[in-house]
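Open the model in your viewer and keep the selection panel at hand. The stops below can be taken in order.

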Amino acid sequence: MPLFETKGENMVEISASLLKVKKEDAIHTMYNLETAKINYFHIDVMDGKFVENNNLELMKDYALTASHISNLGLDVHLMVKNIEEIADDYLMLEPQIVTFHIEASKTEERTKNIIEEIKNNGSRVGIAISPDTKIEEVINYLPFIHLVLVMTVVPGKGGQKLIPETLDKVRKLKEYINKNNIDIDIEVDGGINNITSKQAIESGANILVVGNYLTSAEDLKEAVNKLK
Ligand code: DX5
Ligand code: ZN
(Lines give C-alpha, C1' and ligand atoms only; values in the text may rest on other atoms or scores of the structure.)
(Ligands and ions follow the chains in the order given, each with its own letter.)
Protein backbone atom coordinates (compact mmCIF):
# COMPACT_ATOMS: atom_id res chain seq x y z
CA MET A 1 0.00 0.00 0.00
CA PRO A 2 1.49 3.38 -0.93
CA LEU A 3 2.28 5.58 2.04
CA PHE A 4 0.16 8.56 1.18
CA GLU A 5 -2.75 6.98 -0.63
CA THR A 6 -6.00 8.88 -0.39
CA LYS A 7 -8.85 6.95 1.09
CA GLY A 8 -12.48 6.61 0.13
CA GLU A 9 -14.84 8.67 2.27
CA ASN A 10 -16.38 5.65 3.98
CA MET A 11 -13.34 3.53 4.53
CA VAL A 12 -12.75 2.60 8.15
CA GLU A 13 -9.43 1.15 9.20
CA ILE A 14 -8.59 -0.91 12.27
CA SER A 15 -5.38 -0.44 14.20
CA ALA A 16 -4.92 -3.31 16.65
CA SER A 17 -3.23 -2.36 19.92
CA LEU A 18 -0.60 -4.85 21.04
CA LEU A 19 -0.44 -3.27 24.50
CA LYS A 20 -1.96 -6.17 26.43
CA VAL A 21 -0.57 -9.00 24.30
CA LYS A 22 1.65 -11.37 26.29
CA LYS A 23 5.17 -11.89 25.07
CA GLU A 24 4.73 -15.62 24.56
CA ASP A 25 1.61 -15.01 22.42
CA ALA A 26 2.96 -12.08 20.41
CA ILE A 27 3.94 -13.75 17.12
CA HIS A 28 0.84 -15.92 17.04
CA THR A 29 -1.42 -12.94 17.81
CA MET A 30 0.20 -10.77 15.14
CA TYR A 31 -0.33 -13.54 12.60
CA ASN A 32 -3.99 -13.97 13.61
CA LEU A 33 -4.62 -10.23 13.50
CA GLU A 34 -3.14 -9.95 10.04
CA THR A 35 -5.25 -12.88 8.86
CA ALA A 36 -8.33 -11.16 10.31
CA LYS A 37 -7.49 -8.22 8.02
CA ILE A 38 -6.70 -5.45 10.43
CA ASN A 39 -4.90 -2.49 8.83
CA TYR A 40 -2.14 -1.57 11.30
CA PHE A 41 -0.39 -2.77 14.41
CA HIS A 42 -0.84 -0.04 17.03
CA ILE A 43 2.27 0.24 19.19
CA ASP A 44 1.52 1.97 22.52
CA VAL A 45 4.81 3.38 23.74
CA MET A 46 4.85 4.42 27.42
CA ASP A 47 7.81 5.98 29.19
CA GLY A 48 6.83 6.02 32.89
CA LYS A 49 6.92 9.85 32.74
CA PHE A 50 4.19 11.12 30.43
CA VAL A 51 2.14 8.19 31.68
CA GLU A 52 2.75 6.01 34.72
CA ASN A 53 3.56 2.74 33.00
CA ASN A 54 6.84 2.08 31.27
CA ASN A 55 6.89 -0.47 28.46
CA LEU A 56 9.70 0.99 26.35
CA GLU A 57 11.61 -2.27 25.93
CA LEU A 58 8.58 -4.47 25.24
CA MET A 59 7.11 -2.14 22.61
CA LYS A 60 10.44 -1.81 20.82
CA ASP A 61 10.55 -5.57 20.74
CA TYR A 62 6.96 -5.86 19.39
CA ALA A 63 7.53 -3.21 16.73
CA LEU A 64 10.68 -4.95 15.55
CA THR A 65 8.99 -8.35 15.49
CA ALA A 66 5.94 -6.98 13.64
CA SER A 67 8.11 -5.30 11.03
CA HIS A 68 9.98 -8.57 10.46
CA ILE A 69 7.06 -10.96 10.21
CA SER A 70 4.37 -8.78 8.66
CA ASN A 71 3.83 -6.34 5.83
CA LEU A 72 1.19 -4.45 7.78
CA GLY A 73 2.01 -0.88 8.70
CA LEU A 74 3.07 0.16 12.17
CA ASP A 75 0.98 2.83 13.86
CA VAL A 76 3.24 4.11 16.63
CA HIS A 77 1.54 6.02 19.46
CA LEU A 78 4.15 7.81 21.55
CA MET A 79 2.91 8.48 25.08
CA VAL A 80 6.28 9.87 26.09
CA LYS A 81 7.89 13.10 27.25
CA ASN A 82 11.12 12.76 25.31
CA ILE A 83 9.46 12.51 21.90
CA GLU A 84 12.50 13.16 19.69
CA GLU A 85 14.74 10.53 21.23
CA ILE A 86 12.13 7.80 21.46
CA ALA A 87 10.75 8.50 17.97
CA ASP A 88 14.24 7.80 16.65
CA ASP A 89 14.03 4.21 17.89
CA TYR A 90 10.98 3.67 15.68
CA LEU A 91 11.71 5.80 12.62
CA MET A 92 14.27 3.29 11.39
CA LEU A 93 11.46 0.72 11.12
CA GLU A 94 9.71 3.01 8.61
CA PRO A 95 6.35 3.09 10.40
CA GLN A 96 3.29 4.16 8.42
CA ILE A 97 2.15 6.46 11.21
CA VAL A 98 3.95 8.12 14.12
CA THR A 99 1.77 10.04 16.57
CA PHE A 100 2.91 12.16 19.51
CA HIS A 101 0.99 14.05 22.19
CA ILE A 102 0.58 17.81 22.00
CA GLU A 103 0.59 17.84 25.83
CA ALA A 104 4.16 16.51 25.67
CA SER A 105 5.54 18.60 22.80
CA LYS A 106 4.11 21.77 24.37
CA THR A 107 5.70 24.64 22.41
CA GLU A 108 4.89 25.50 18.82
CA GLU A 109 8.51 25.43 17.74
CA ARG A 110 9.11 21.97 19.15
CA THR A 111 5.84 20.65 17.76
CA LYS A 112 6.75 21.88 14.27
CA ASN A 113 10.23 20.38 14.47
CA ILE A 114 8.88 16.99 15.48
CA ILE A 115 6.34 17.08 12.64
CA GLU A 116 9.18 17.76 10.20
CA GLU A 117 11.38 15.03 11.61
CA ILE A 118 8.67 12.40 11.25
CA LYS A 119 7.67 13.57 7.77
CA ASN A 120 11.27 13.57 6.56
CA ASN A 121 11.36 9.93 7.48
CA GLY A 122 8.52 9.21 5.03
CA SER A 123 6.04 8.39 7.79
CA ARG A 124 2.62 9.90 8.22
CA VAL A 125 2.46 12.12 11.27
CA GLY A 126 -0.28 12.37 13.85
CA ILE A 127 -0.94 14.57 16.86
CA ALA A 128 -2.76 13.04 19.81
CA ILE A 129 -4.98 14.89 22.25
CA SER A 130 -5.87 13.58 25.70
CA PRO A 131 -9.49 13.85 26.93
CA ASP A 132 -8.89 17.20 28.68
CA THR A 133 -7.26 18.86 25.67
CA LYS A 134 -9.42 20.93 23.34
CA ILE A 135 -9.30 20.50 19.55
CA GLU A 136 -8.41 24.20 19.28
CA GLU A 137 -4.91 23.19 20.42
CA VAL A 138 -4.27 21.31 17.17
CA ILE A 139 -6.23 23.37 14.63
CA ASN A 140 -3.16 25.34 13.43
CA TYR A 141 -1.23 22.16 12.70
CA LEU A 142 -3.94 20.42 10.65
CA PRO A 143 -2.60 21.45 7.22
CA PHE A 144 0.80 19.97 8.08
CA ILE A 145 -0.15 16.59 9.57
CA HIS A 146 -1.94 13.45 8.40
CA LEU A 147 -4.09 12.57 11.38
CA VAL A 148 -5.44 13.62 14.73
CA LEU A 149 -5.66 10.93 17.36
CA VAL A 150 -8.51 11.77 19.71
CA MET A 151 -7.96 9.83 22.93
CA THR A 152 -11.30 8.42 24.03
CA VAL A 153 -9.84 7.36 27.42
CA VAL A 154 -7.14 8.84 29.64
CA PRO A 155 -3.88 7.55 28.12
CA GLY A 156 -1.87 5.06 30.13
CA LYS A 157 -3.64 1.74 30.15
CA GLY A 158 -5.83 -0.59 28.11
CA GLY A 159 -9.26 -1.97 28.92
CA GLN A 160 -10.90 1.31 30.03
CA LYS A 161 -14.38 2.62 29.19
CA LEU A 162 -14.79 5.20 26.44
CA ILE A 163 -15.52 8.70 27.76
CA PRO A 164 -18.62 9.78 25.74
CA GLU A 165 -17.72 13.52 25.77
CA THR A 166 -14.59 12.79 23.76
CA LEU A 167 -16.80 11.93 20.78
CA ASP A 168 -18.11 15.51 20.82
CA LYS A 169 -14.55 16.54 19.99
CA VAL A 170 -14.46 14.06 17.11
CA ARG A 171 -17.69 15.55 15.74
CA LYS A 172 -16.39 19.10 16.10
CA LEU A 173 -13.11 18.22 14.42
CA LYS A 174 -14.87 16.42 11.57
CA GLU A 175 -17.11 19.44 11.02
CA TYR A 176 -14.08 21.71 10.94
CA ILE A 177 -12.10 19.61 8.45
CA ASN A 178 -15.11 19.22 6.16
CA LYS A 179 -15.82 22.92 6.24
CA ASN A 180 -12.22 23.81 5.51
CA ASN A 181 -11.67 21.02 3.01
CA ILE A 182 -8.72 19.50 4.89
CA ASP A 183 -7.77 15.94 4.01
CA ILE A 184 -6.91 14.37 7.34
CA ASP A 185 -7.67 11.16 9.24
CA ILE A 186 -9.36 11.07 12.63
CA GLU A 187 -8.26 8.19 14.82
CA VAL A 188 -9.92 7.26 18.09
CA ASP A 189 -8.18 5.28 20.81
CA GLY A 190 -9.52 3.67 23.95
CA GLY A 191 -12.60 1.67 24.88
CA ILE A 192 -13.57 0.83 21.31
CA ASN A 193 -15.80 -2.25 20.92
CA ASN A 194 -18.58 -3.32 18.55
CA ILE A 195 -20.95 -0.72 20.07
CA THR A 196 -18.68 2.29 20.62
CA SER A 197 -17.10 1.74 17.17
CA LYS A 198 -20.42 2.64 15.59
CA GLN A 199 -20.67 5.84 17.66
CA ALA A 200 -17.08 6.76 16.82
CA ILE A 201 -17.59 6.21 13.08
CA GLU A 202 -20.83 8.20 13.13
CA SER A 203 -18.98 11.01 14.90
CA GLY A 204 -16.41 11.12 12.10
CA ALA A 205 -13.56 8.80 13.04
CA ASN A 206 -12.08 6.67 10.26
CA ILE A 207 -9.28 4.84 12.09
CA LEU A 208 -10.20 2.84 15.18
CA VAL A 209 -7.60 1.68 17.67
CA VAL A 210 -8.79 -1.51 19.31
CA GLY A 211 -7.09 -3.40 22.11
CA ASN A 212 -9.13 -5.29 24.65
CA TYR A 213 -12.08 -6.04 22.36
CA LEU A 214 -9.80 -7.87 19.93
CA THR A 215 -7.47 -9.56 22.40
CA SER A 216 -10.47 -11.04 24.22
CA ALA A 217 -12.40 -12.01 21.07
CA GLU A 218 -13.02 -15.66 20.35
CA ASP A 219 -13.44 -15.18 16.63
CA LEU A 220 -11.08 -12.44 15.46
CA LYS A 221 -12.40 -12.22 11.90
CA GLU A 222 -15.94 -11.78 13.13
CA ALA A 223 -14.82 -9.20 15.71
CA VAL A 224 -12.97 -7.16 13.06
CA ASN A 225 -16.01 -7.22 10.76
CA LYS A 226 -18.30 -6.08 13.57
CA LEU A 227 -16.07 -3.09 14.25
CA LYS A 228 -16.24 -1.78 10.71
C1 DX5 B 1 -4.29 3.72 26.02
C2 DX5 B 1 -3.76 3.24 24.69
C3 DX5 B 1 -4.75 2.52 23.85
C4 DX5 B 1 -5.43 1.37 24.52
C5 DX5 B 1 -6.39 0.65 23.61
O6 DX5 B 1 -3.38 4.53 26.64
O7 DX5 B 1 -3.31 4.33 23.94
O8 DX5 B 1 -4.17 2.17 22.61
O9 DX5 B 1 -4.54 0.48 25.05
O10 DX5 B 1 -6.88 -0.44 24.31
P11 DX5 B 1 -8.43 -0.67 24.62
O12 DX5 B 1 -9.11 -0.89 23.29
O13 DX5 B 1 -8.39 -1.89 25.46
O14 DX5 B 1 -8.95 0.53 25.33
ZN1 ZN C 1 -2.81 4.00 21.74
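This is a predicted model. Start with Glu222: its relative accessible area is 41%, so Glu222 is partly exposed. Next, add Lys226, which is partly exposed as well, with a relative accessible area of 47%. The two side chains form a salt bridge, with an N to O distance of 3.4 Å. Both residues belong to helix α9 (residues 220–227), where they sit 4 residues apart, about one turn of the helix.

Now select Glu108 and Lys112. Their side chains meet in a salt bridge at 3.0 Å, N to O. Lys112 and Glu108 are 4 residues apart in helix α5, so about one helical turn separates them. Glu108 has 46% relative accessibility and counts as partly exposed; Lys112, at 39%, is also partly exposed.

Stay on helix α5 and pick Arg110, then add Glu84. What joins the side chains of Glu84 and Arg110? A salt bridge does, with 2.8 Å from N to O. Glu84 is in helix α3 (residues 83–91) and Arg110 is in helix α5 (residues 108–120), so this pair ties together parts that lie 26 residues apart in sequence. Glu84 has a relative accessibility of 28%, and because buried means under 20% and exposed means over 50%, Glu84 falls in the partly exposed class. Arg110 is partly exposed too, at 25%.

For the last of the charged groups on this tour, select Glu57, Lys60 and Asp89. These residues are linked in a network of salt bridges. How many salt bridges are counted in the model? The count comes to 10.

Finish with a pair of helices. Select helix α1 (residues 26–35) and helix α2 (residues 56–69), and display their axes if the viewer allows it. The axes come within 11 Å and cross at roughly 50°. That angle is neither under 35 degrees nor in the range from 65 to 115, so α1 is oblique to α2. The crossing of α1 past α2 is right-handed. To see where the helices touch, show side chains on both. From α1, the contact is made by Ala26, Ile27, Met30 and Glu34; from α2, by Tyr62, Thr65, Ala66 and Ile69. Colour these residues by class: the contact of α1 with α2 has 6 nonpolar, 1 polar and 1 charged residues.

Methods. Residues numbered from 1 in each chain as written. Chains lettered and ligands numbered in written order. Predicted model: local features only at pLDDT ≥ 70, side-chain atom pairs only at ≥ 80, totals over all residues. Heavy atoms only, no water. Axes fitted to C-alpha atoms, helices over the stretch in contact; angles between N-to-C directions. Helix = DSSP H or I, 4+ residues; strand = E, 2+ residues; numbered from the N terminus. Parallel < 35°, antiparallel > 145°, perpendicular 65-115°, else oblique. Left-handed = near helix turned anticlockwise from the far one by under 90°. Contact = heavy atoms within 4.5 Å. Nonpolar A, V, L, I, M, F, W, Y, C, P; charged D, E, K, R; others polar. Salt bridge = Lys/Arg side-chain N within 4 Å of Asp/Glu carboxyl O. Buried < 20%, exposed > 50% of the residue type's maximum accessible area, 1.4 Å probe, protein only.
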